[in-house]
Amino acid sequence: MADYGYIVDSHCHLNYKQLREDETGAVNRAREAGVGCMLAINTKLREFDEIREIAEKYHDVYGTVGIHPHEAENEPDVAVAALVERAQHPKIVGIGETGLDYYYDNAPRDMQQVNFRAHITAARETGLPVIIHTRDADEDCVAILKEEMAKGPFKGVIHCFTASQMLADAVLEMGLYISISGIATFRSAKDLQETVKTVPLDRLLVETDAPFLAPVPHRGKPCEPAYVMDTARFVAELRGDSFEELQEATTANFFKLFDKATPPELAQSAA
C-alpha cells in the first residue's frame, strides 16, 4: 500500500452556496487539516459546469456528473449519452450522485428508478464508479443493483451510508464500497455504528457530504471538507483501527475505486 499520509473527502458539494461563498478558504482549510483530495459531487446536470470549473481550478479536487434522485422529475429526460459525454473530461471521475430517496419522495419513485438505471448504464459504459444515494429504499435499491449487475459489472459506492445491515451485506457481496459520513458520530446512530464495524477495511471510504451533516464536535455548523478528519478519527476508534491505518486504507480505497483520479502529489508534479 502506498504511504499517502493524507485522507480523502470522497463526497462533498463545493458548488453549494454555503461552501461556494468561501470555496478557496474551504479547500485551504481542508489541506491544512490533512485532507489531500476532495471529490465535488454533481447533483443537477444544469450545474455540471460549476463542478467542472471547480475541479479544473484545484489540483486536488475532482468532480462527478449526475442527477440526484430529488431532481429526477426536474431533469427527467437524462440521456446516458449526456452523462457519458461529460464524463470524458479528465477531472470527472465518477457518475452520480444518483439512487433512490423514498424518505422525502421529492420525485416520483418510478422516475427515480429510471434515473438510477441510466446512471448505472453510464457507469458501465465509462468504467467509472457510480455514486449511490439511498434512503428508506433498501429493498428496491438492492433489487435494481442486482438486476443491473446481471447485465454487466460496474463499480460503485453507497455514499453517506445510513441503511440496514442487509443492504450493507448485499452491496459488499456485489463488490461495491461503503462510505461513512459524520452521521456515524451522532449519539443517535447506534445501529449505524454497529454496521460500520462490519465493513471490511478494504471497502471503506469516508466523506463529509459538506455542507451537510457536520460531525461531532461541529454539529450545528455548516460542514466543510476539513471535518472529514473528525469522522475518520471517530470511525477508527469505533472499529479498533489506528487512525493511520484507517487514513491509509480509505485513501488507497478511493484511488482504487476512482481509478481515473490521480493522487494529487503526482498530478501536481506532472503539471
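## A walk through the predicted fold, from Val196 outwards

Let's start at Val196, which is found in helix H8, the stretch covering residues 190-196. Keep in mind as we go that this is a predicted model. Is Val196 buried or exposed? Its relative accessible area is 1%, so Val196 is buried. What covers it? Setting aside neighbours within four places in sequence, Val196 is in contact with Ile180, Val235, Leu238 and Arg239. Ser179 makes a handy reference point here: 17 residues separate Ser179 from Val196 in sequence, and their C-alpha atoms are 9.4 Å apart in space.

Now step back to the whole chain. The protein has 11 helices and 8 strands, and its C-alpha trace spans about 40 × 40 × 35 Å along the principal axes. How does that fit with a compact globule? For 271 residues, such a globule would have a radius of gyration near 18 Å, and the protein has 17 Å, so the two agree. Of those 271 residues, 60% count as buried, Val196 being one of the buried ones. The wiring is worth a look too: take contacts between residues at least 6 apart in sequence, and 76% of them join residues at least 24 apart.

On the outside, the protein exposes about 11,100 Å², with carbon and sulfur atoms supplying 48% of that. As for charge, there are 27 positive and 44 negative side chains, and the centres of the two sets lie 1 Å apart.

One of the acidic residues deserves a visit. Glu148 lies in helix H6, residues 138-151. Buried or exposed? With a relative accessible area of 2%, Glu148 is buried. Leaving out neighbours within four places in sequence, the residues in contact with Glu148 are Arg117, Ile120, Thr121, Arg124 and Phe154. Two arginines, Arg117 and Arg124, are on that list.

Last stop, the cysteines. How many disulfides turn up in a search of the whole structure? The count is 0. Cys160, for instance, is in no disulfide, and the nearest cysteine sulfur, that of Cys223, is 10 Å away. Cys160 is also buried, at 11% relative accessible area. Cys223 is buried as well, with a relative accessible area of 1%. Why is there no bond from Cys223? The closest cysteine sulfur to that of Cys223 is in Cys12, and at 9.1 Å it is too far for a bond, given that a disulfide needs the two sulfur atoms within 2.5 Å.

Conventions. Residues are numbered from 1 along each chain as its sequence is written. This is a predicted model: local features need pLDDT of at least 70, side-chain atom pairs count only at pLDDT 80 or more; totals for chains, interfaces and linings use all residues. Side-chain values use heavy atoms; hydrogens and water are left out. Helices (H or I, at least four residues) and strands (E, at least two) are DSSP runs, numbered from the N terminus. The radius of gyration is taken over C-alpha atoms; the globule rule is 2.2 Å times the number of residues to the power 0.38. Buried means under 20% relative accessible area, exposed over 50%, partly exposed in between (1.4 Å probe, protein chains only). Contact means heavy atoms within 4.5 Å. Accessible areas come from the Shrake-Rupley method with a 1.4 Å probe; for residues, only the protein chains shown count as cover. Lys and Arg count as positive and Asp and Glu as negative; His and the chain ends are not counted. The place of a charge is taken as NZ of Lys, CZ of Arg, CG of Asp or CD of Glu.
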